[in-house]
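Trainee: Hi! Could you walk me through the holes inside this protein?
Mentor: Happy to, let's look at it together.
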Amino acid sequence: MSSTAVQSDQALAALPPMKIFVDGKWVESDSKERLEVLNPATGKLLAKIPCASIGDVNRAVESARRASDDWCLTAPFERAAACHRIADRILAHREELATIISLEQGKPYFAEALPEVDETAENFRIAAEDVKRLETPIIPARDPNKRLFTFKVAIGTWGIITPWNFPTVIPSEYFGPGLAAGNTIVFKPAEQTPLSGFLLTQCIAEADLPPGVFNLVSGDGPSTGDALATHPGVDGIGLTGETSTGDLIQRRAGVKKLLMELGGNGPQIVLEDADLPRAAKAAAFGAYFNAGQVCCATERVLVDRRVHKDFLDLVVQAAKAIRVGDPFGREVDMGPMNNVAVLEKTEHHLADAQQKGARIVFGGKRVSGQATNMFFEPTVVDNVSPETLLNTHETFGPVVPVITVDQYDQAIALANGTGYGLQMAVFTSDIDKAFYFAERLRCGNVVINDTTDYWEAHEPFGGGGGTRSGYGRLGGRFTFDDMTHLKTVAVHVNPLK
Ligand code: NAD
């Protein structure tokens, strides 16, 4: 048996039972329906998970609501300690968690899955520290006998619905601040990568939180996800997913607090004075990290005509250096794509671009000789016109589409013209130009002289106002703004006689 097979077997053996987690226990789902979880690199069946029913969701939400009253009144320092215990348990299961992520998601174990687990633990630590400093204003009163205090208090019970591209780190962006602030949670992981969610839930179970504070229901979007989003006992929904899913949940959820982290179409803009080797390296990283399956991936490069040829040569060189293969290989940069839908979308966008005059200069097809046909070549496409799906839609594949521009304002119009506005990058050696762009790009985050894929765990991350990339902020103490509400307590003080 190979060492990878032993590692995989050990990680699969560490999984809890394929049940739902309600009221502090793994219990049978009352649904007979099971969903298959496949390894995209080998095509092998990893597990079958319950597709939780409306009854299961009801039980989970009731348990979370029962736990809510006490949990939100515990001292913040107690909840901080619980978050640190969760981080400890995550690190105790570090290799198993990373193995499960690579097995079901397909990302490289060494380059990406282990760092994802570390950031997952870090998100709980950051929340544990931030909650101790959640100071709020005392408001000067008009009435001399009044004192006006404000407190950040929990919203209540949240349904947290997450995607398959970062199966542990994205959930933890909600769980850390959410739990630290005194909320209770019902978690629905993505159906393509639920096993990471099961093991993450087991870590939380081992951290000894009061029963009901954290619950898991596995299943697909239209049944389990919808039951959670529409449940009247759920006070808030946190969704990270496609913009179309956000649209649907927004309509279905009714009056609930919503926190939406949706799609992106991250342009990287390369001006004539850019450090081109750095810009090319950043574009390749932004497009090929996690096989391009990242909300802030470099989905298109808008490059000044004067440096277009040099940039293109450099980016092709960088693409050639990407090693595609078994996610458990030590030297591997890119594994398979996660699922057939995202792979076919990538192919469809490339075919559309070619029809509209684009030229594939490197890659462009599935990799032969792998165990499955889920691997796609790192790809560079030139002469991409603004009318293509590569420019107007989120591709979510390992593709650098190059669009040539002649004027700064043309680049800004193209960057802002798709409706998406998550993270954008600008490469220039001139600080004045950097700010000209940063102040005009309509998005939540701008990166100067680094990849669109750059983020730090504690920075505020999310869609720009009025865009289709969502609203609210995930990251560090800023998540507390969305997962709490401000309660004012007015106190009447009698003058002493
Ligand atoms: P998706 O929208 O298909 O699924 C996300 C989650 O929503 C899954 O758990 C799914 O089961 C659930 N869901 C689907 N339909 C539902 C419904 N009708 N009711 C309730 N729940 C439903 O997205 P995906 O394919 O898993 O993830 C990729 C998308 O996520 C991309 O668009 C990407 O840009 C986006 N994303 C955004 C961010 C961000 O921070 N903005 C981060 C990561 C991913």
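Mentor: On a 1 Å grid over the protein atoms alone, a cavity is a set of points where a 1.4 Å probe fits but cannot get out, and lining residues have an atom within 4 Å of a point. Points are joined across faces, edges and corners, and a volume is the space filled by probe spheres set on them. This is a predicted model, where local features need pLDDT of at least 70, side-chain atom pairs count only at 80 or more, and totals for chains, interfaces and linings use all residues. Residues are numbered from 1 along each chain as its sequence is written, and side-chain values use heavy atoms, without hydrogens and water.
Trainee: How many cavities of 30 Å³ or more are there?
Mentor: Three. The largest has a volume of about 230 Å³.
Trainee: Which residues are closest to the centre of the largest one?
Mentor: I170, E173, C295, W455 and F461, out of 20 lining residues.
Trainee: And which domains does that lining draw on?
Mentor: Domain 1 (3-262 + 474-484) and domain 2 (268-460) each give at least three residues; the bounds come from an automatic or database domain assignment.
Trainee: Cool. What about the second largest cavity, what's its volume?
Mentor: About 40 Å³. Its lining includes N123, S172, P177, A457 and T479. E173 lines the second largest cavity and is also among the residues closest to the centre of the largest one.

How values were computed
On a 1 Å grid over the protein atoms alone, a cavity is a set of points where a 1.4 Å probe fits but cannot get out, and a pocket is an open set with protein on both sides within 12 Å along at least five of seven lines; lining residues have an atom within 4 Å of a point.
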